[in-house]
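Got the sequence and the model open? Let's go through some of the words people use for it, and ask what earns each one.

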Amino acid sequence: MKVALYVFSGTGNTLKVAALYKKYLNADVTVYRISEKSGAAPSPEGFDLIGVGYPIHAFCAPEPVIKFAKSLPAVAYRRAFVFKTSGEGLHMNDRSSQKLIKILSKKGYDVTCERHVVMPYNMIYRHSDEMAKQMYIYAKALVKLNCSELEAHKRENVKLPFYRLMLIPLIGWIEQKFAHLHGPMFKVEADKCIDCGKCVAACPENNIERVDGKFKFGNKCVLCMGCAFGCPMDAVHVGVFKYWKVNGSYRLEELVHDDSIAFPVVPDMAKGIYRLYKKYYREVTEMLNEANIDLTEFV
């Protein structure tokens, strides 16, 4: 089986999940990054299965993902699936793929399932090492389960009741428009910058350029936060989101193999904000138990 994964990723979380699909799928997997820098995407014609992956933005699929889906060629039939990442397991995120699935379906892509994988925040606040470790271990297990389902051609309902579809699209539309207006407010603090160019390289929308030796941020920003998250000197000022900025890698693989970091912390040991994750992890744990997948395999 040949599989193409089309992935939009700002800080790298969704790319990490795509790498897990490549690891656990018993298939020839090609990962293509949805980006203005990436050039033409490989045609879906040569693949038996395609996956579209993205980080959830304001409970919706990001603007570049929707544009990419619209650019895909129509096919007579192609099996497909969706995977998405976010920093929380809220069921408000369930609706995020509906527009994407509608576009794909009209073009002949049969979306048989989707998976929501919780990964550490790249904005709002920084997760603890314990929580980041739990997120990545569960991500590995959930992706492995989904890979077995895809290989078995399992189908599930990917449509939601109408009452869940009313407010969320408006929130996503507002976020997209605000991102474009707010983009030029991003700045680089000259006294911290070491001129490594990582912010320019990280931007999937080519929204950052050097003009007369200074960094200029345009109006194509989609708030992926890749520039701020990946800056080695924490030199990117993110406008009104300065109190929500998260900077620096979570070192997920290191955390997973660090026995001094507690696992799991949710649901039994959850305190404070992490109580909000109890339902998500109980649901995922039930899925894994039914499939006889042991979490200790991934520690």
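Q: Why are helix 1 and helix 4 called oblique to each other?
A: In this predicted model, the axes of helix 1 (residues 13-24) and helix 4 (residues 129-151) cross at roughly 50 degrees. Angles under 35 degrees count as roughly parallel and 65 to 115 as roughly perpendicular. The crossing of roughly 50 degrees fits neither range, so the pair is oblique. As for distance, the two axes come within 9 Å, and the crossing is right-handed.

Q: What makes the contact between helix 1 and helix 4?
A: From helix 1 come Val17, Leu20, Tyr21 and Tyr24. They meet a run of residues in helix 4, including Tyr136, Ala139, Lys140, Val143 and Leu150. By class, this contact has 9 nonpolar, 1 polar and 3 charged residues.

Q: Why are helix 2 and helix 3 described with a different word, roughly parallel or oblique?
A: Here the axes of helix 2 (residues 63-71) and helix 3 (residues 98-106) cross at roughly 10 degrees. The cut-off for roughly parallel is under 35 degrees, so helix 2 and helix 3 are roughly parallel to each other. Their axes come within 9 Å. Val65, Ile66, Ala69 and Lys70 of helix 2 touch Lys99, Leu100, Ile103 and Leu104 of helix 3. That contact holds 6 nonpolar, no polar and 2 charged residues.

Q: How do you know what kind of residues join helix 4 to helix 9?
A: Look at who meets whom: Met131, Gln134, Met135, Tyr138, Ala141, Leu142 and Leu145 in helix 4 face Tyr280, Tyr281, Val284, Thr285, Met287 and Leu288 in helix 9. Sorted by class, they give 11 nonpolar, 2 polar and no charged residues. The helices pack at an angle of about 40 degrees with axes 11 Å apart, and helix 4 passes helix 9 in a left-handed crossing.

Q: What makes up the lining of the largest pocket?
A: The lining has 17 nonpolar, 12 polar and 2 charged residues. Of its 31 residues, Ile56, His57, Ala58, Met123 and Ile124 are the closest to the centre. Helix 1, strand 4 (78-86) and helix 5 (168-182) each supply at least two lining residues, and helix 5 gives the most, with 3. The pocket itself has a volume of about 630 Å³.

Q: Why do some spaces get called cavities and not pockets?
A: A cavity is a space where a 1.4 Å probe fits but cannot get out, whereas a pocket is open. A search of the whole structure finds 2 cavities of 30 Å³ or more.

Q: What lies around the largest cavity?
A: Its lining has 14 residues, and Cys203, Asn207, Cys221, Cys224 and Cys227 are nearest the centre. By class they divide into 11 nonpolar, 2 polar and 1 charged. The space inside is about 110 Å³.

Q: And which residues lie nearest the centre of the second largest cavity?
A: Those are Val188, Cys193, Cys196, Cys199 and Cys231, out of 13 that line it. The lining counts 10 nonpolar, 1 polar and 2 charged residues, around a space of about 90 Å³.

Q: What makes phi of asparagine 206 worth pointing out?
A: Phi there is near 50 degrees, a positive value in a residue other than glycine. Most residues other than glycine have a negative phi. To find asparagine 206, go to the loop between helix 6 (198-202) and strand 7 (208-211).

Q: Where do cis peptide bonds turn up, and what is omega?
A: One runs from phenylalanine 263 to proline 264, with omega near -10 degrees. Another runs from valine 266 to proline 267, with omega near 10 degrees. Most peptide bonds are trans. Proline 264 lies in the loop between helix 8 (252-256) and helix 9 (278-290), and proline 267 is also in the loop between helix 8 and helix 9.

Notes: Residues numbered from 1 in each chain as written. Predicted model: local features only at pLDDT ≥ 70, side-chain atom pairs only at ≥ 80, totals over all residues. Heavy atoms only, no water. Axes fitted to C-alpha atoms, helices over the stretch in contact; angles between N-to-C directions. Helix = DSSP H or I, 4+ residues; strand = E, 2+ residues; numbered from the N terminus. Parallel < 35°, antiparallel > 145°, perpendicular 65-115°, else oblique. Left-handed = near helix turned anticlockwise from the far one by under 90°. Contact = heavy atoms within 4.5 Å. Nonpolar A, V, L, I, M, F, W, Y, C, P; charged D, E, K, R; others polar. 1 Å grid on protein atoms, 1.4 Å probe; cavity = no way out; pocket = protein on both sides within 12 Å on 5 of 7 lines; lining within 4 Å. Points joined across faces, edges and corners; volume = space filled by probe spheres on them.
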